[in-house]
Amino acid sequence: MPAQPPVFSDQDLQARNTLGLPARAAVAVLEDESAIPALCEALAAGRNGPEGREADAPLFVLGGGSNVVIEARPHHRILRVALRGIRLWDETAGHWIVEAAAGEPWHGFVDHCLSQGWPGLENLALIPGTVGAAPVQNIGAYGLELDQRLHSVVAWDLRAGREYELRPDECGFAYRDSLFKRDGAGRWLIVRVRFALPKAWTPRLGYPDLRDHPGLRDEGGGFGAGGAARGAPRTPSPRRIFDAVCDIRRRKLPDPAVLGNAGSFFKNPVIGASQAAELARRFPGLRTYPQADGRVKLAAGWLIEQAGWKGRRLGPVGMHERQALVLVNHGGAQAADVLALAGAVRADVEKRFGVDLEREPVVLD
Ligand code: EPU
């Protein structure tokens with residue numbers, strides 16, 4: 001007998017979004033891939049309502065809820081992905097190909113890979129959310145972006161009712177962006193993600209915060225997994241880098257379990273070289289990062305701090321006191337409070353610097 005589609009029921013979502021916004025919606029939990037064909041059929045039937053309109057509310061695929069601003073009563077129906085499992089899927093001369101189900105918590109997955117001797121994701125430690133959400137926004141931190149370690153994404157196109165294996169060049173990756181994000185949260189259902197983790201691993205220590213971390217300075221005691229000869233420069237182990245990244249993040253970024261937040265609330269803006277040069281002339285402290293295409297990325301946190309918003313509150317929300325790019329819920333906030341603060345910050349940065357900040361989280365309405 002074919003598997004039944006997941007069943008929707010009214011559920012509380014406050015603990016399922018890291019901003020901690022109060023919300024209730026029709027939610028179904030996907031625990032088994034075998035239910036997906038029936039889900040596609042149910043969706044197609046819902047779409048063939050009178051006059052071609054959607055008879056049922058549109059679907060929103062939710063992972064760890066770490067990149068959403070959720071309204072109190074969203075009109076979307078929510079599919080919460082709870083698929084689990086991690087395995088060594090393949091091995092080539094140069095790489096371990098490790099596959100993880102979309103519902104695996106990201107940080108636990110990175111930790112597990114290191115324990116198994118599959119390095120390469122340590123710079124992305126402690127990022128909240130799930131494995132399946134990671135390619136959607138092409139997560140990145142401390143000098144590494146997910147697409148640089150990706151082998152492929154196994155995803156269902158829920159509109160076509162078909163499963164695809166997408167290689168990195170088919171995923172439309174850009175800075176904090178992908179095909180999955182651009183197509184909207186109801187089209188693609190990522191079920192498994194495969195990573196190509198290098199056997200000839202070398203550390204990525206280019207990011208200033210990481211390079212300068214005391215835990216990564218070789219003070220003569222050795223780095224454990226470096227294996228270098230006496231006198232030669234030693235290499236820190238992947239685990240040591242993982243620990244350093246966790247330490248940096250814990251110092252700078254609020255723990256969503258303690259203070260609701262969705263990580264960076266805006267993308268770092270990328271502007272033209274001449275505008276960047278003009279801004280750097282007017283604002284000597286401006287943080288600029290030249291890009292391969294000649295454009296220049298600016299640090300949104302710096303712009304927000306200069307605009308006076310670091311540590312400042314508006315109602316129950318505010319911009320974090322240690323990282324101005326992170327919007328936090330001090331308690332009791334609704335989506336409207338979050339969007340009002342985001343609007344005020346965006347307007348002030350625009351007024352002062354002539355730079356438009358783009359929101360990173362998705363609004364679930
Ligand atoms: N800065 C300030 N004031 C602030 C915050 C930052 O002046 O309040 C300055 C810093 O001094 C530094 C520069 O801005 O010179 C960059 O700051 P940071 O190293 O903290 O990184 P970021 O650009 O603010 C990005 C990612 C983070 C990621 C870090 C580390 C985006 C939108 N954010 O932040 O990702 O952890 O780099 O790689 O690209 C996330 O997406 O949720 C996230 C936390």
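The dialogue below walks through a predicted model, starting with one helix and ending with single residues.

Colleague: How does the length of helix α8 compare with what its 19 residues should span?

Modeller: A helix can be checked by setting its expected span beside the separation of its ends. In this predicted model, helix α8 covers residues 335-353, and at 1.5 Å a residue its 19 residues should span 27 Å, which agrees with the 27 Å between its end C-alpha atoms. Just after α8 comes G354, which takes a positive phi of about 70 degrees.

Colleague: Which residues of α8 are buried, and where do they fall when seen down the axis?

Modeller: One lists the buried positions and then looks along the helix axis. The buried residues of α8 are A335, V338, L341, A342, V345, V349 and F353. Seen down the axis, these buried residues fall within an arc of 135 degrees, so they line one face of the helix. On the other side of α8, A336 and K351 are exposed.

Colleague: What covers the buried residues of α8?

Modeller: The cover includes strand β4 (68-70), helices α6 (273-282) and α7 (300-306), and strands β17 (313-314), β18 (317-319) and β19 (326-329).

Colleague: Which residues touch the most other members of the largest nonpolar core, and which element gives the largest share of this core?

Modeller: A core can be read first by its members and then by the elements that supply them. The largest nonpolar core holds 45 residues, of which F266, L303, I304 and V345 touch the most other members. Elements that give two or more residues to this core include β2 (24-30), β3 (59-62), β16 (296-298) and α7, while the largest share, seven residues, comes from α8. This core also draws at least three residues from each of domain 1 (9-81) and domain 4 (260-364). As for V345, its contacts, not counting residues up to four places away in sequence, are F266, I304, W309, M319 and L357. There is also a second, separate core of 40 residues, which includes W106, L124, L210 and I248.

Colleague: Turning to charged side chains, is E99 buried or exposed, and which side chain does E99 join through a polar contact?

Modeller: Here one asks about accessibility first and about partners second. E99 is found in strand β7 (residues 95-101), and it counts as buried because its relative accessibility is 5%, where the cut-off for buried is under 20%. A polar contact of 3.3 Å joins the side chains of E99 and R192. Leaving out residues up to four places away in sequence, E99 touches G85, I86, R87, W89, R192, V193 and R194.

Colleague: Where does K267 lie, and what is K267 in contact with?

Modeller: K267 lies in the loop between β13 (260-264) and β14 (270-271), and with a relative accessible area of 11% it is buried. Leaving aside neighbours within four places in sequence, K267 is in contact with Y175, R176, D177, K181, A300, L357, E358 and E360.

Colleague: What is the phi of R176, and what is the phi of L126?

Modeller: For each residue, the backbone angle can be read together with its place and accessibility. R176 is not a glycine, yet it has a positive phi of about 55 degrees; R176 sits in the loop between β11 (162-166) and α3 (179-182), and is buried at a relative accessible area of 13%. L126, also not a glycine, has a positive phi of about 65 degrees. L126 is found in the loop between α2 (106-115) and β8 (140-141), and is partly exposed, with a relative accessible area of 23%.

Definitions and conventions. Residues are numbered from 1 along each chain as its sequence is written. This is a predicted model: local features need pLDDT of at least 70, side-chain atom pairs count only at pLDDT 80 or more; totals for chains, interfaces and linings use all residues. Side-chain values use heavy atoms; hydrogens and water are left out. Helices (H or I, at least four residues) and strands (E, at least two) are DSSP runs, numbered from the N terminus. Buried means under 20% relative accessible area, exposed over 50%, partly exposed in between (1.4 Å probe, protein chains only). Contact means heavy atoms within 4.5 Å. A polar contact is a pair of N or O atoms within 3.5 Å; within protein, one must be able to donate a hydrogen and the other to accept it, and residues adjacent in sequence count only if both atoms are side-chain atoms. The expected span of a helix is 1.5 Å times one less than its number of residues. The arc is that of the directions from the helix axis to the C-beta atoms. A nonpolar core is a set of buried Ala, Val, Leu, Ile, Met, Phe, Trp, Tyr and Cys residues joined through side-chain atoms within 4.5 Å. Domain bounds come from an automatic or database domain assignment.
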